[in-house]
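Student: Hey, I've just opened this one and don't know where to start. Can you walk me through it?

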Amino acid sequence: MCWWFPIPVPDRDSGTTIEFKEFAVAVKFVPVVMSSGNINLKLNVSVSELTDVNSVAVSTANSSSTFFAPSLTNRSASTTVELADGQTIGIAGLISENMRSVVNKFAGLGDIPIIGHLFRSEEFEKGETELVRYRSR
């Protein structure tokens, strides 16, 4: 399954048009049946996802609106395996770990050395994703 998201692109008339970019989980494979009856399988797995890192905010001169364009992160793995009839394959990986810290504080009071910690709070947000695909016959 794939998804599309819009991004602004400058055009020849000093204006802006919209193009759509794809992001998805993709599995490409090439199976080859060997003379022994085994299957040689070349796998290429990729994951792309939207992120706020390196994102762009675009505003036009004729309007007060601003368009936010996220960026993409891509992770991929490739391997080749040889399987006999009835064997199982499992592929895992493409791990992503993200950590984000959010600090809330009273203006001025949260910046005072030593006692400033009493006037602020810090939250950590951790995100982990891993692509795991298992197929059995």
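Tutor: Sure, and one term will help us first: buried means under 20% relative accessible area, exposed means over 50%, and partly exposed is in between. Keep in mind too that this is a predicted model.

Student: OK, let me try that on V102. Buried, exposed or partly exposed?

Tutor: V102 counts as partly exposed, because its relative accessibility is 31% and partly exposed is the range between under 20% and over 50%.

Student: And where does V102 sit?

Tutor: V102 is in strand β5. Beyond its neighbours within four places in sequence, V102 is in contact with S121, E122 and E123. Take E123: V102 and E123 are 21 residues apart in sequence, yet their C-alpha atoms are 5.2 Å apart in space.

Student: Let's zoom out. How many helices and strands does the chain have?

Tutor: The chain has zero helices and six strands. Reading from the N terminus, the order is β-β-β-β-β-β.

Student: How much of the chain is buried?

Tutor: Of the chain's 137 residues, 16% count as buried. The accessible surface of the chain is about 10,700 Å², and carbon and sulfur atoms hold 55% of that.

Student: What about contacts between residues far apart in sequence, what share do they take?

Tutor: Looking at contacts in the chain with a separation of 6 or more, 46% are between residues 24 or more positions apart.

Student: Back to the prediction. What's the mean pLDDT of the chain?

Tutor: The mean pLDDT is 76, with 79% of the residues at 70 or more. Confidence is highest in strand β2, residues 16-33, at a mean of 83, and lowest in β6, at 62.

Student: Now I'm curious about strand β3. Which residues does it cover?

Tutor: Strand β3 runs over residues 39-59, and N40 is found in it. S48 has its place in strand β3 as well, and so does D52.

Student: Start with N40. Buried or exposed?

Tutor: N40 is buried, because its relative accessibility is 17% and the cut-off for buried is under 20%. Leaving out neighbours within four places in sequence, N40 is in contact with V30, P31, V32, M34, T80, V81 and E82.

Student: And S48, buried or exposed?

Tutor: S48 also counts as buried, at 14% relative accessibility. Apart from neighbours within four places in sequence, S48 is in contact with E22, F23, A24, T73 and N74.

Student: How far is S48 from S71?

Tutor: S48 and S71 are 23 residues apart in sequence, and their C-alpha atoms are 10.0 Å apart in space.

Student: That leaves D52. Buried or exposed?

Tutor: D52 is exposed, because its relative accessible area is 57% and exposed means over 50%. From D52 to A69, it's 17 residues in sequence and 8.6 Å in space, C-alpha to C-alpha.

Student: Switching to the surface: which residues make the nonpolar patch?

Tutor: F106, L109, I112, I114, I115 and L118 make a nonpolar surface patch of about 640 Å².

Student: Where in the chain is I115?

Tutor: I115 is in the loop between β5, residues 89-105, and β6, residues 120-135.

Student: And is I115 buried or partly exposed?

Tutor: I115 is partly exposed, with a relative accessible area of 43%.

Methods
Residues are numbered from 1 along each chain as its sequence is written. This is a predicted model: local features need pLDDT of at least 70, side-chain atom pairs count only at pLDDT 80 or more; totals for chains, interfaces and linings use all residues. Side-chain values use heavy atoms; hydrogens and water are left out. Patches are made of residues with over 30% relative accessible area and no salt bridge: like charges are joined within 9 Å, nonpolar side chains (Val, Leu, Ile, Met, Phe, Trp, Tyr) within 5 Å. Accessible areas come from the Shrake-Rupley method with a 1.4 Å probe; for residues, only the protein chains shown count as cover. A salt bridge is a side-chain nitrogen of Lys or Arg within 4 Å of a carboxyl oxygen of Asp or Glu. Helices (H or I, at least four residues) and strands (E, at least two) are DSSP runs, numbered from the N terminus. Buried means under 20% relative accessible area, exposed over 50%, partly exposed in between (1.4 Å probe, protein chains only). Contact means heavy atoms within 4.5 Å. pLDDT is the predictor's confidence in each residue, from 0 to 100.
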